[in-house]
Amino acid sequence: FAFPKGHGQSMQLSQSTDNEKINIYLENAYVALVSARERNPECRVCLVTDEPLTGEWKERFSQQNIENPCVAFDDFLMPDDFVWSRAFYKLCALSGMCRKEDFSNIVLLDTDTISLSSYSDLWNECGQGVLLYEVGHVFSHPDREIIVKDFKRYYPDRTNSPVHYGGEFVAGNKQAVAEFLTACKDVYNKMKAAGFDGEKKAGDETILSIAACGNTHVLPANPYLYRFWTGEFYLTATVYEANPVCIWHLPAEKELGMRYFYRYHQKHGKFPKKEKCRKIAGLPAAKRKRDFYYWYMRIYRKIHK
């Protein structure tokens with residue numbers, strides 16, 4: 001988390017003041033990291049910031065055995081007219097951790113996530129390369145179109161097109177992640193050399209997606225994470241129960257469900273059980289509703305057998 005110092009604004013919390021944003025994001029980060037630590041007690045868990053935590057927040061994270069290494073926001077800097085400019089700090093932080101720290105495997109998570117099970121399978125798959133989350137957008141989707149336009153702008157000689165990968169998750173072994181970050185820096189340098197004359201809505205997902213284009217060592221992270229949209233735009237799945245992912249990404253719940261999880265943990269010292277988490281997050285029931293058509297088709301089949 002990069003504390004506000006002019007690096008753009010949060011597109012998803014545009015109505016909040018900086019102090020409100022800080023508290024919301026730190027509450028979210030608490031949920032993301034404490035739930036990850038509880039499901040993976042043998043792992044080191046860190047909140048990377050551009051300046052040290054202080055006061056009550058320092059104490060809260062320390063009590064939960066969450067470390068707070070600092071990485072200056074001095075790389076992957078974007079002009080302020082890029083609406084997602086502050087989000088590029090995650091690439092800076094990941095790069096800094098790769099330079100400074102010793103580890104076998106690493107996973108970077110967005111703050112608006114909650115972990116429901118162990119990462120054991122994820123760690124095994126990290127040995128194969130870098131895992132990124134495939135958003136699943138068609139070629140003409142406006143969000144993917146931003147990435148494709150920049151790709152053609154900066155790499156006019158290439159004929160392939162990038163898949164849209166999300167920025168909420170990057171995982172892999174240390175060597176693979178370090179090599180992938182080198183590719184990310186090459187994309188950033190192209191953007192910088194062009195005077196950042198590109199799509200102003202480009203975010204960290206643009207760099208991740210372009211760097212992954214044609215990279216045979218990039219694997220889909222979708223078995224481990226799903227992006228659930230639970231606001232007015234409602235796009236979910238039952239992968240919390242069927243073929244369950246271990247990490248739920250809840251971008252529409254920053255100010256609602258994620259803060260409820262935080263308050264619940266502060267009061268009870270634990271998170272709700274999965275079924276209650278499902279209801280709080282607004283996810284659909286895992287079983288099909290037995291409505292008129294459910295019974296009609298079954299009766300019809302029985303009659304005509």
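A strand, as the word is used here, is a DSSP run of type E with at least two residues, and strands are numbered from the N terminus. With that in hand, we can start our walk through this predicted model at strand β6, which covers residues 225-227 and holds Tyr-226.

Is Tyr-226 buried or exposed? Its relative accessible area is 18%, and since buried means under 20%, Tyr-226 counts as buried. Look around this side chain and you will find plenty of company. Setting aside residues within four places in sequence, Tyr-226 is in contact with Tyr-133, and also with Leu-235, Thr-236, Ala-237, Val-239, Val-245, Ile-247, Trp-248 and His-249. Arg-86 makes a useful landmark for judging distance: 140 residues separate Arg-86 from Tyr-226 in sequence, and their C-alpha atoms are 23 Å apart in space.

Let us now turn to the helices, beginning with α1 and α2. Helix α1 spans residues 18-39, and its axis comes within 11 Å of that of α2, with a crossing angle of roughly 5 degrees. Angles under 35 degrees count as roughly parallel, so α1 and α2 are roughly parallel to each other. Where do α1 and α2 meet? On the α1 side you can pick out Asn-23, Leu-26, Glu-27, Ala-29, Tyr-30 and Leu-33, while α2 brings Trp-57, Arg-60 and Phe-61. Sorted by class, this contact of α1 with α2 has six nonpolar residues, one polar residue and two charged ones.

Follow the chain out of α2 (55-63) and you enter the loop that leads to α3 (89-100), where Phe-76 has its place. This residue is worth a pause. Phi of Phe-76 is near 55 degrees, which is a positive value in a residue other than glycine. Phe-76 is also buried, at a relative accessible area of 1%.

Beyond that loop comes α3, which pairs with α6, a helix made of residues 174-193. The axes of α3 and α6 come within 10 Å and cross at roughly 135 degrees, an angle that makes α3 oblique to α6. This crossing of α3 and α6 is left-handed. From α3, the residues Leu-91, Leu-94, Ser-95 and Cys-98 take part in the contact, and from α6 come Lys-174, Val-177 and Leu-181. By class, the contact of α3 with α6 divides into five nonpolar residues, one polar and one charged.

Another residue of helix α3 to look for is Lys-100. How accessible is Lys-100? Its relative accessibility of 45% makes Lys-100 partly exposed. Not counting residues up to four places away in sequence, Lys-100 touches Cys-70 and Val-71. Ala-183 sits 83 residues from Lys-100 along the chain, and 19 Å separate the two C-alpha atoms.

A further helix pair is α5 (residues 142-154) and α7 (residues 204-212), whose axes come within 10 Å and cross at roughly 60 degrees. That angle makes α5 oblique to α7, and the crossing of these two helices is right-handed. In the contact, Ile-146, Ile-147, Asp-150 and Phe-151 of α5 meet Glu-205, Thr-206, Ser-209 and Ile-210 of α7. Four nonpolar, two polar and two charged residues make up the contact of α5 with α7.

Moving along to the loop between β8 (234-235) and β9, you reach Asn-243. Here again phi is positive in a residue other than glycine, with a value near 45 degrees for Asn-243. Is Asn-243 buried or exposed? With a relative accessible area of 70%, Asn-243 is exposed.

Our last stop is helix α9, residues 274-281, in which Cys-277, Arg-278 and Ala-281 are buried. Viewed down the axis of α9, these buried residues fall within an arc of 105 degrees, so they line one face of the helix. What covers them? Among the elements over the buried residues of α9 are β7 (229-230), β9 (247-249) and α8 (257-268). Step just past the end of α9 and you come to Gly-282, which takes a positive phi of about 80 degrees.

Technical notes
Residues are numbered from 1 along each chain as its sequence is written. Side-chain values use heavy atoms; hydrogens and water are left out. Buried means under 20% relative accessible area, exposed over 50%, partly exposed in between (1.4 Å probe, protein chains only). Helices (H or I, at least four residues) and strands (E, at least two) are DSSP runs, numbered from the N terminus. The arc is that of the directions from the helix axis to the C-beta atoms. Contact means heavy atoms within 4.5 Å. Axes are lines fitted to C-alpha atoms, for helices over the stretch in contact, and angles run from 0 to 180 degrees between N-to-C directions. Angles under 35 degrees count as roughly parallel, over 145 as roughly antiparallel, 65 to 115 as roughly perpendicular and the rest as oblique. A crossing is left-handed if the near helix is turned anticlockwise from the far one by less than a right angle, and right-handed if clockwise. Ala, Val, Leu, Ile, Met, Phe, Trp, Tyr, Cys and Pro count as nonpolar, Asp, Glu, Lys and Arg as charged, and the others, Gly among them, as polar.
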